[in-house]
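User: Could you take a close look at one part of this model for me? I'd like to hear how the pieces there sit against each other, and then what goes on around the nucleic acid.

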Amino acid sequence: MPELPEVETVRRGLQPIMEGAHIDSVELRRPDLRFPFPRGFAERLRGQEIIALGRRAKYLLIHLETSDVVLCHLGMSGSFRIDQDDEEQQAPGAFHHPRSKVEKHDHAVFHLTSGDGRTLRVVYNDPRRFGFMLLHDEGPLDSHPLLATLGIEPTGNALDGALLAERLRGKRTPLKAALLDQRVIAGLGNIYVCEALWRARLSPKRSADTIVARRGTSERCERLATSIRAVIAEAIAAGGSSLRDYVKADGSLGYFQHAFKVYGREGHACGHDECSGTVRRIVQGGRSTFYCPSCQR
DNA sequence: AATCTATCCTGTTAGC
DNA sequence: TGCTAACAGGATAGAT
């Protein structure tokens, strides 16, 4: 369930302690997540400094001093938590041993020494194990198979009506499915697609190319591009949405879930002015779609 | 080439 | 009370 806003929130939470930190060791508590950990993964990371923490679509990118990059995907239920040694354990002369607070579904532990000399652990927990970690160690990062085909980021101003029109032209798949396709726009998932379509008052069932005009952009494309950018920006500002498994790196919760207008709100009134419709749930491609049949056309 | 479907996984909840 | 079934769903491989 972590979509772009949640991954960005995780990135921002981990950045202050991970950037500039030294990797003392990596502990893998099982051989695989969704995919096996790469051969020699832990050994390759040990001793390296973390240069930067980045993000592309729903991928968290850990840039290391050797130009290696760890590609990390949280799947549906992945989360990171920071285990820090407390004051007492840090006191000079105090007997010190790393806390071994292992919780269920903790699969990988990064033992770090941060820039200011404190030791800490960044723990990856993932009950459903849909997440994965891979290592990019050769060639340009953009050429990695998982990143090469990704579409445009919905953050910033690059995503406009014209670009959206270009991307959707000729696509006869339902608009909902087209927006979930990471090759079109990178980082949207079920929640934010539903919310963006509601804001744009566009039906998820409509064939994607029907919002494209002959010349390209259209009023509908403009509305949709604006809606996508807005919902993503607002969700990031709220620290993402905490539903089911997702928690921020510091253990606190995002609060954008309270701003949902349609997602998970079947039977509730549509929140649009002058619309008396009711939110409905339908299934598209085996996934739930929430929308208002009255005003989303 | 585009589009659809099955698959992976486990915790939670709804239904009988 | 205890069991089973449905559901959450991102990305890929394979089928159509």
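Analyst: The axes of helix 5 (residues 161–168) and helix 8 (residues 219–237) come within 8 Å of each other, crossing at roughly 105 degrees. Angles from 65 to 115 degrees count as roughly perpendicular, so that is the label for helix 5 against helix 8. Keep in mind that this is a predicted model. As for who touches whom, helix 5 brings G161, A162, L164 and A165 to the contact, and helix 8 answers with C221, E222, L224 and A225. Sorted by class, that contact between helix 5 and helix 8 comes out as six nonpolar residues, one polar and one charged.

Now over to the DNA. Strand C has 15 residues around it, and the closest are R34, H73, M76, L146 and Y263. Split by class, the residues of the surface near DNA strand C are four nonpolar, five polar and six charged. On the DNA side, 54% of the strand C atoms within 4 Å of the protein belong to sugar or phosphate, with the rest belonging to bases.

A few polar pairs let you zoom in further. Q182 has a polar side-chain atom 3.5 Å from a phosphate oxygen of DNA strand C. N190 also places a polar side-chain atom by a phosphate oxygen of that strand, here at 3.3 Å. With R287 the partner is a base oxygen of DNA strand C, and a polar side-chain atom of R287 lies 2.8 Å from it.

Methods. Residues numbered from 1 in each chain as written. Chains lettered and ligands numbered in written order. Predicted model: local features only at pLDDT ≥ 70, side-chain atom pairs only at ≥ 80, totals over all residues. Heavy atoms only, no water. Near = heavy atom within 4 Å. Polar contact = N/O pair within 3.5 Å; in protein donor to acceptor, adjacent residues only side chain to side chain. Nonpolar A, V, L, I, M, F, W, Y, C, P; charged D, E, K, R; others polar. Axes fitted to C-alpha atoms, helices over the stretch in contact; angles between N-to-C directions. Helix = DSSP H or I, 4+ residues; strand = E, 2+ residues; numbered from the N terminus. Parallel < 35°, antiparallel > 145°, perpendicular 65-115°, else oblique. Contact = heavy atoms within 4.5 Å.
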